[in-house]
Amino acid sequence: MCTGVEIVMLGGALLGAGAAVHQGQTQKNYNNYLAAQAEADARAEQSAARVEAERIRKAGKQQKSEAIAALAASGVDVTSGTALKIDQEIGRASSEDAFLTLAGGRDRAARLNADAQGSRMAASRAQTAGYLNAANTLLIAGTNSGKGWKKAGGR
């Protein structure tokens, strides 16, 4: 038969176990939130890089047009080697800048996706830890309750 003390101990153990499970679930939810945020940030980084690369390409085209117009206005034959060289150099530079922007966006997105994966792993570990802490709390309570039973019986 359970004494009042044993009932209180059991109630405390159940409360402690429930709190451990709740804490694990809360940490899991938070880490899953962090993962989702990192994934959203990764998508935003890639989108921003694409937009910036397109802006660079357009600016390069605009710069090429202005350079050709300036050469023509100064009397230079726009089909001459120098004019073509200037046109090619501006095109190459803007393409390179656009490529580097896209590569940087991919790199940042990859790091954010790795962070997301780490957060998902932490979420899983937090939930497992909550269950293990709950089980540990119940085992300790059971062990302590057993000791009290033996003492109460006079053995």
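Which residue's side chain meets that of E39 in a salt bridge? The partner is R120, with N and O 2.9 Å apart. The legends below begin with the whole chain and then turn to this pair and other sites. The model is a predicted one.

**Figure 1. The whole chain: 2 helices and 0 strands.** The chain has 155 residues, and 23% of them count as buried. Helix α1 covers residues 4-73. Helix α2 covers residues 81-152. Take the contacts between residues at least 6 apart in sequence: 85% of these join residues at least 24 apart. The accessible surface of the chain is about 10400 Å². Carbon and sulfur atoms account for 60% of that surface. Across the whole structure, a search finds 7 salt bridges.

**Figure 2. E39 and R120 joined by a salt bridge.** The two side chains meet at 2.9 Å, N to O. E39 belongs to helix α1 and R120 to helix α2, so this salt bridge ties together parts that are 81 residues apart in sequence. How accessible is E39? Its relative accessible area is 26%, so E39 is classed as partly exposed. R120 is also partly exposed. For R120 the relative accessible area is 31%.

**Figure 3. E45 and R108 joined by a salt bridge.** The side chains of E45 and R108 meet at 2.6 Å, N to O. This pair links distant parts of the chain, with E45 in helix α1 and R108 in helix α2. In sequence, E45 and R108 are 63 residues apart. E45 has a relative accessibility of 25%, so it counts as partly exposed. R108 is partly exposed as well, at 33% relative accessible area.

**Figure 4. A salt-bridge network of E89, R92 and E96.** E89 forms a salt bridge with R92. Their closest N and O atoms are 2.5 Å apart. Why are E89 and R92 separated by about one helical turn? The reason is spacing: they are 3 residues apart in helix α2. Salt bridges with shared partners bring E89, R92 and E96 into one network. E89 is partly exposed, with a relative accessible area of 42%. R92 is partly exposed, with a value of 42%.

**Figure 5. N31 and its contacts.** N31 is found in helix α1. Is N31 buried or exposed? N31 is buried: its relative accessible area is 15%, which is under the 20% cut-off. Leaving out residues up to four places away in sequence, N31 touches S119, A122 and A123.

**Figure 6. S94 and D97 in helix α2.** S94 sits in helix α2. At 11% relative accessible area, S94 is buried. Which residues does S94 contact, beyond its neighbours within four places in sequence? They are I56 and G60. D97 is found in helix α2 too. D97 is partly exposed, with a relative accessible area of 40%. I56 appears again here: its C-alpha atom is 7.0 Å from that of D97. Along the sequence, D97 and I56 are 41 residues apart.

**Figure 7. I86 and its surroundings.** I86 has its place in helix α2. With 32% relative accessibility, I86 counts as partly exposed. Setting aside neighbours within four places in sequence, I86 is in contact with A67 and L71. How far is the C-alpha atom of I86 from that of I68? The two are separated by 8.5 Å. I86 and I68 are 18 residues apart along the chain.

**Figure 8. A nonpolar patch on the surface.** Which residues make the patch? They are L10, L14 and L138. The patch measures about 280 Å². One of these residues, L14, lies in helix α1.

Key:
Residues numbered from 1 in each chain as written. Predicted model: local features only at pLDDT ≥ 70, side-chain atom pairs only at ≥ 80, totals over all residues. Heavy atoms only, no water. Patch = residues over 30% accessible without salt bridge, like charges linked within 9 Å, V, L, I, M, F, W, Y side chains within 5 Å. Areas by Shrake-Rupley, 256 points an atom, 1.4 Å probe, with all protein chains shown as cover. Salt bridge = Lys/Arg side-chain N within 4 Å of Asp/Glu carboxyl O. Helix = DSSP H or I, 4+ residues; strand = E, 2+ residues; numbered from the N terminus. Buried < 20%, exposed > 50% of the residue type's maximum accessible area, 1.4 Å probe, protein only. Contact = heavy atoms within 4.5 Å.
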